[in-house]
Amino acid sequence: MAIYLDNAAAMRARAEALAAAMPYMAEQYGNPSSLHTPGLTAKKAIQKAREDIATCLWCKPNELVFTSGGTESINLGIKGFFEANRSRGKHIITTNIEHHAVSESLAWLRTLGADITVLPVNGEGLITVEQIARAIRPDTVLIAVQYANNEIGSIQPIAEIAGFAKEKGIALFVDAVQAVGHVPFALGSAEGAGKLPQGTTSQDFLGITMLAASAHKFGGPKGTGFLFVREGTKLAPQMHGGPQEMRLRAGTENVPGIVGMAAAIISSCRELREDSRKMRALRDNMIDRILETIPDSRVNGTRTNRLPGNVSISFAGVEAASVLVLMDMAGIACSGGSACTSASGTLSHVIQAIHMPEDYENGTIRMTLSPDTTRAEVDAAIAALTEIVAKLRAGRQ
Ligand code: PLP
């Protein structure tokens, strides 16, 4: 692969994740529900992974449900919560820049009688706790807010929202698919946890009721994720079958995926401070130089509360699709928003939500860095982008 700048879509698996996962396909391939030794070996590996992930996130192992990734965790959290708690109320608050896994789960709940209030973000892609406070009603049961946006990288004030939700006794669901392994935080529900895990700050989020994650966004394998469900939360399973995962997620567990995910999260937590410092420096340098060298360009999202690897830029008067094709021909992989919306060819709901000037709307591209991204790769991407945007603009005249 030449230069890969689409790490928010999928990241290279960390060496530790590969090494941890392989034996559970090649040698220890027993089914964790089987009662023989190979089965028990697989079961123990899952339990160890659960403990390791819990240590990284500062929660309890039995608060983690393993799933097939972000989308399933989100569906289980949002739909499962509504189903199990609908007698308490039917009002849910969310934002207008959630991933489709969240907005479509909520759309489904609307058909089942839920009332959904969708809060608009500001021009930087942020909501405030005051907006949520104004929207709550006596029958509000759930607030669903993403931790960080996959397209423009904006990080929501989750600590404040979590504090507010806890004070009001309203459940908070957080889609943290883009944040886990990239932003330091602790769920703070582990009993007697002595010291915070490496990479986290003292900011713990006791007010988060559920949190969804996906392994391939932090260097684990695809098709694996987890849902954190705070102890005492009522949830209805969305997959019916066997008794796996505390009866919340039926089906044979993806043992190599789970073990690889745990190895990836341990490694990303350990490296988090250094990785994010390096990525933030490269990101800021890249944004500054693009804005300086390419006329009529603008950065999307906030400059401060932003995912360390996210560079979302719009160019006036050019089509993102053409930029992306020419970048790919130059050996540079980037995207036009999220991988999910870029396939549809329509203007993403996130770009619409932040209300940018019309002539910039169709010219938005997203470059997302990883801890492996080098300064030379960033330089090459800026050079290619400068040439491509100039060429496309010249062609229009
Ligand atoms: N939520 C966010 C913010 C995402 O970026 C993604 C994927 O890009 C998802 C949810 C869905 O995760 P998955 O692809 O693992 O189902």
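In the predicted model, the side chain of Q178 places a polar atom 2.8 Å from an oxygen atom of the ligand. The protein covers 86% of the 390 Å² of accessible area that the ligand has on its own. Two further side chains approach the ligand through N or O atoms. For T71, the partner is an oxygen atom of the ligand, at a distance of 2.6 Å. For D175, the partner is a nitrogen atom of the ligand, and the distance is 2.7 Å.

The shell around the ligand consists of G69, G70, T71, I74, H99, N150, D175, V177, Q178, S214, H216 and K217. By residue class, this shell comprises eight polar, two nonpolar and two charged residues. Helix α4, which spans residues 70-85, makes the greatest contribution to the shell, supplying three residues.

At the level of the whole chain, two domains are assigned. Domain 1 is formed by residues 3-10 together with 273-396, whereas domain 2 covers residues 15-270. The centres of the two domains, taken over C-alpha atoms, are separated by 28 Å.

The interface between the domains was examined next. Contacts involve 26 residues of domain 1 and 28 residues of domain 2. The size of an interface is often expressed as the accessible area lost when the parts come together. Between domain 1 and domain 2, about 2,200 Å² is buried, and carbon and sulfur atoms account for 54% of this area. On the side of domain 1, the residues that lose the most area to domain 2 are R273, L307 and H349. Together, R273, L307 and H349 provide 25% of what domain 1 buries.

Technical notes:
Residues numbered from 1 in each chain as written. Predicted model: local features only at pLDDT ≥ 70, side-chain atom pairs only at ≥ 80, totals over all residues. Heavy atoms only, no water. Near = heavy atom within 4 Å. Polar contact = N/O pair within 3.5 Å; in protein donor to acceptor, adjacent residues only side chain to side chain. Areas by Shrake-Rupley, 256 points an atom, 1.4 Å probe, with all protein chains shown as cover. Helix = DSSP H or I, 4+ residues; strand = E, 2+ residues; numbered from the N terminus. Nonpolar A, V, L, I, M, F, W, Y, C, P; charged D, E, K, R; others polar. Domains from an automatic or database assignment. Contact = heavy atoms within 4.5 Å. Buried area = accessible area lost by both parts, 1.4 Å probe.
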